[in-house]
Amino acid sequence: MTRSRGESQKLSARCSDDCASAQQDGESTRHLLEIEDLRVTFEVGAASYKAVDGVSFAVDDGEAVGLVGESGAGKSVTARSILGLSEPRHLAGGAIRYRGTDLVPLGESAWQRLRGREIALIPQNALAALNPLFTVGWQIAELYRVHDGASRSEARRRGVVLMEQVGIPAAEKRFDSYPHEFSGGMRQRVVIAMAVALNPALVIADEPTTALDVTTEAQVMDLLGELRRERRMALIHITHDVELIASSVDRMIVMYAGRIVEAGPADDLYHHPAHPYTRALLESRPSLGDRRKGLLPTIPGAPPKISDIPSGCAFHPRCAHVRERCETETPVLRAGTLGRISACHYSEEVLRLGEVRTSESLAASLARIDEDA
Amino acid sequence: MAPAEPLLRVSNVVKHFQGKRSGLLGRNRSVIHAVDDVSFEIDAGETLGIVGESGCGKSTLARTLVRLVEPTAGQAWYVDRDIFALSRKDLRAIRRDIQMIFQDPYSSVNPRMTVEAIVAEAWDGVPEAAPKRSRRSRVVELLQRVGLDADALDRYPREFSGGQLQRIGIARALAVDPRLLICDEPVSALDVSIQAQVLNLLKQLQRDSNLACIFISHDLAVVQHVTDRIAVMYFGKIVELGEATALCANPSHPYTQALLSAVPVAARRRDVEPDRRIRLQGELPDPSDPPSGCRFRTRCWKVEQRCLDEEPALLDRVQAGVFSACHFAEPLVDAAEMAAMATQPRSSRTQTGP
């Protein structure tokens with residue numbers, strides 16, 4: 001891919017301002033993004049609710065991380081914090097270090113320089129993210145005009161190139177169309193284009209395909225993968241669908257009730273989960289190629305409400321491995337056997353259960369299809 | 001046809017909507033082809049899955065069957081009566097037998113009614129179904145059947161989670177002892193850990209009461225798991241119809257193959273390279289101007305002149321019991337080969353759509 005003209009300009013800009021001091025350290029081991037003990041609390045009247053409760057993880061340059069969880073797990077709130085979109089009064093503690101610099105104390109103008117250029121967001125609902133009163137092209141070109149000071153014609157030229165790169169056919173013509181004139185899949189391509197326009201080092205995709213049909217979802221996933229490889233972007237992919245991201249991310253982080261319950265390489269976590277929640281989640285999904293038609297294994301109950309998070313391990317009322325200890329003692333995220341990181345007192349027991357059935361039966365059925373061929 | 005009469009026999013259902021006005025003084029009105037000439041049968045106790053992407057007409061089809069949407073043409077024989085020809089009064093009796101469960105549990109219950117009132121409302125049209133005195137205890141029974149406690153009776157919808165509300169919706173549907181349940185994306189709005197609970201509940205209910213079920217979903221893995229047969233819809237038509245496991249293991253219509261290939265499957269990681277998967281090109285055609293011949297031809301990699309001229313009929317072309325509407329239906333050969341074909345249309349004679 002040919003690098004856009006803004007690239008070199010941008011690379012120099014990336015290290016300016018707030019990141020300058022950290023950059024001089026020149027450490028090679030430093031993470032791109034490091035979140036440490038992030039706490040986000042919402043106060044309603046006298047009550048205070050912990051939406052994110054001590055989350056720590058890191059993302060390296062070019063790495064793809066999947067952030068998995070059900071509604072209320074705290075994944076979107078975490079993402080909003082990384083983008084500086086959580087109101088400061090809700091940030092109850094923790095650090096968000098980007099290239100070594102803590103972003104939490106930054107003011108709004110510093111955040112504005114960072115967003116889009118360093119860290120960008122791909123939202124779930126493209127229709128809500130785009131302004132219906134402006135053409136799609138104008139909204140893309142605006143990024144170049146505001147951030148790079150490009151002229152109108154220059155911004156248009158680069159906008160069209162970008163639209164072509166994200167696979168929008170007849171980009172020159174579509175540049176002047178309005179958001180409602182695009183299909184769901186094409187609109188998602190537009191917001192992806194806007195996210196990558198300034199070549200950010202980190203893109204956060206919040207359920208980017210949830211509103212799409214499967215065939216369109218597959219196209220968008222392919223596009224994300226291509227862009228990530230070409231531009232060497234790091235990606236945090238937020239989703240409720242483990243199956244969707246298991247083959248496209250390097251690492252997965254599973255959240256439950258505002259905390260990380262398990263983290264690890266995507267393949268390991270998918271095939272040999274070390275936390276009962278991850279395992280139960282994987283087992284409860286029917287899988288294509290699974291010929292068994294009986295009842296599905298289920299997780300009893302429902303994810304807890306933020307106002308009513310159980311004591312000890314938040315998952316204990318729904319857990320198949322629950323013991324007395326789990327009701328009182330909150331398990332810490334620890335490295336256990338096989339280097340697996342899990343917040344369960346009994347993660348070794350969970351690991352010993354072996355491979356999750358979905359993958360086994362599926363691999364068998366894929367092999368069958370290959371044999372038939 | 002099976003010797004026993006099917007519970008529901010749908011033949012040649014058509015639903016066209018009036019589209020946008022155009023031309024001088026808006027005298028020309030386009031016609032949106034939502035459902036076109038769809039036929040299928042369901043036996044008592046059987047589950048039929050209807051799969052397709054948004055806009056393929058699957059929900060419209062379901063709604064015409066209970067006449068929430070009036071069909072343009074066709075027949076739907078419920079045992080010995082044509083639902084489409086019934087008067088409003090006779091329709092009531094049929095609606096007791098055919099109940100619907102909707103996608104969004106929050107918007108399908110009245111937030112100002114108690115759970116008891118929501119479930120008991122099902123008896124409004126059929127007072128003989130439950131005598132007034134025993135209603136409260138009947139509601140308790142129904143709630144227990146769907147896995148809720150009696151203390152839910154006097155509570156309001158806002159106090160329940162999505163999964164629980166969906167159970168309440170199912171209890172309401174069961175109140176009138178239906179024989180056919182039409183479920184329109186019943187688990188799509190639910191959390192992953194809750195989906196399995198609701199799917200199991202539906203399955204148990206079907207087994208216990210010999211309920212027939214039309215299960216509409218875009219999620220192929222879910223549909224394959226819960227149904228006996230699957231109908232795949234594309235652009236208002238059934239393109240493939242057959243036994244669920246056989247159809248998923250060995251799809252013969254190019255659209256079904258593409259759909260299955262698009263399902264995210266983590267275990268494929270090592271086995272199939274990304275470029276060996278089929279990726280559909282382009283988008284759905286304009287619904288007011290369907291392509292001639294086969295409707296999938298504008299996105300199909302097998303397209304030839306014949307596909308433009310002649311609409312393929314739904315026939316069991318490849319394996320017995322699986323019906324495919326493609327002139328060139330063939331079993332899944334090799335993913336790589338198909339992917340190669342997908343990028344290179346077989347014939348250069350034909351012009352694909354704009």
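How many residue pairs are in polar contact across the interface of chain B and chain A? The rule finds 12 such pairs, with both partners at pLDDT 80 or more. Please keep in mind as you read on that this is a predicted model.

## Where the two chains meet

Let us stay with the interface for a moment. On the chain B side, 48 residues are in contact with 49 residues of chain A. Together the two chains bury about 4,200 Å² between them, and 55% of that area is on carbon and sulfur atoms. This way of describing an interface is a familiar one: its size is often given as the accessible area lost when the parts come together.

Charge pairing between chain B and chain A comes down to one salt bridge. Its partners are A:Arg285 and B:Asp219, whose closest N and O atoms are 3.1 Å apart. As for the helices involved, α6 (192-209), α7 (220-226), α8 (244-249) and α9 (254-262) of chain B each supply at least two residues of the side that touches chain A. The biggest contributor to that side of chain B is α6(B), with 11 residues. Sorted by residue class, the side of chain B that touches chain A has 22 nonpolar, 13 polar and 13 charged residues.

## Two nonpolar cores

Turning inward, here is a general point to start from: in soluble globular proteins, nonpolar side chains tend to be buried together. In this model the largest nonpolar core has 78 residues. Within that core, the residues with the most contacts are B:Val119, B:Trp123, B:Leu143 and B:Ile170. Helix α6(B) supplies the largest share of this core, seven residues. The same helix also gives the most to the side of chain B that touches chain A.

What does B:Val119 touch, not counting residues up to four places away in sequence? Its contacts are B:Val139, B:Leu142, B:Leu143, B:Ile168, B:Ala171, B:Arg172 and B:Ala175. Another core lies apart from the largest one and has 64 residues, among them A:Val136, A:Tyr144, A:Val190 and A:Leu227.

## A look at chain A

Chain A has 16 helices and 12 strands. Of its 373 residues, 54% are buried. Among contacts in chain A between residues at least 6 apart in sequence, 66% join residues at least 24 apart.

One helix worth opening in your viewer is α13 of chain A, residues 276-283, which is mostly covered: eight of its eight residues are buried. The buried residues of α13(A) include charged ones, A:Arg279 and A:Glu283, alongside A:Pro276, A:Tyr277, A:Thr278, A:Ala280, A:Leu281 and A:Leu282.

## Salt bridges within chain A

Side chains of opposite charge can pair when their charged atoms come close. Over all chains, the search finds 32 salt bridges. Three from chain A are set out here.

| Residue | Partner | Closest N to O distance |
|---|---|---|
| A:Glu34 | A:Arg97 | 3.8 Å |
| A:Arg97 | A:Glu36 | 2.3 Å |
| A:Arg158 | A:Asp148 | 2.9 Å |

A:Glu34 and A:Arg97 form a salt bridge. The pair links distant parts of the chain, with A:Glu34 in strand β1 (residues 33-44) and A:Arg97 in strand β4 (residues 91-98), 63 residues apart. A:Glu34 is partly exposed, at a relative accessible area of 26%, and A:Arg97 is also partly exposed, at 23%. The bridge from A:Arg97 to A:Glu36 again runs between strand β4 and strand β1 of chain A, so this pair ties together parts that are 61 residues apart in sequence. A:Glu36 has a relative accessible area of 39% and is partly exposed.

Are A:Arg158 and A:Asp148 buried or exposed? Both are buried. The two form a salt bridge. A:Arg158 lies in helix α7 (residues 152-165) and A:Asp148 in helix α6 (residues 136-148) of chain A, so their pairing ties together parts that are 10 residues apart in sequence. Both residues belong to a network of salt bridges that links A:Arg117, A:Asp148, A:Glu154, A:Arg157 and A:Arg158.

## One arginine in chain B

Finally, visit B:Arg277, which sits in the loop between α9 and α10 (305-309) of chain B. Why does B:Arg277 count as buried? Its relative accessible area is 18%, and buried means under 20%. From B:Arg277 to B:Lys203 there are 74 residues in sequence and 32 Å in space, C-alpha to C-alpha.

Key: Residues are numbered from 1 along each chain as its sequence is written. Chains are lettered from A and ligands numbered from 1 in the order in which they are written. This is a predicted model: local features need pLDDT of at least 70, side-chain atom pairs count only at pLDDT 80 or more; totals for chains, interfaces and linings use all residues. Side-chain values use heavy atoms; hydrogens and water are left out. Contact means heavy atoms within 4.5 Å. Buried area is the accessible area (1.4 Å probe) that two parts lose on being put together, summed over both. A salt bridge is a side-chain nitrogen of Lys or Arg within 4 Å of a carboxyl oxygen of Asp or Glu. A polar contact is a pair of N or O atoms within 3.5 Å; within protein, one must be able to donate a hydrogen and the other to accept it, and residues adjacent in sequence count only if both atoms are side-chain atoms. Helices (H or I, at least four residues) and strands (E, at least two) are DSSP runs, numbered from the N terminus. A nonpolar core is a set of buried Ala, Val, Leu, Ile, Met, Phe, Trp, Tyr and Cys residues joined through side-chain atoms within 4.5 Å. Buried means under 20% relative accessible area, exposed over 50%, partly exposed in between (1.4 Å probe, protein chains only).
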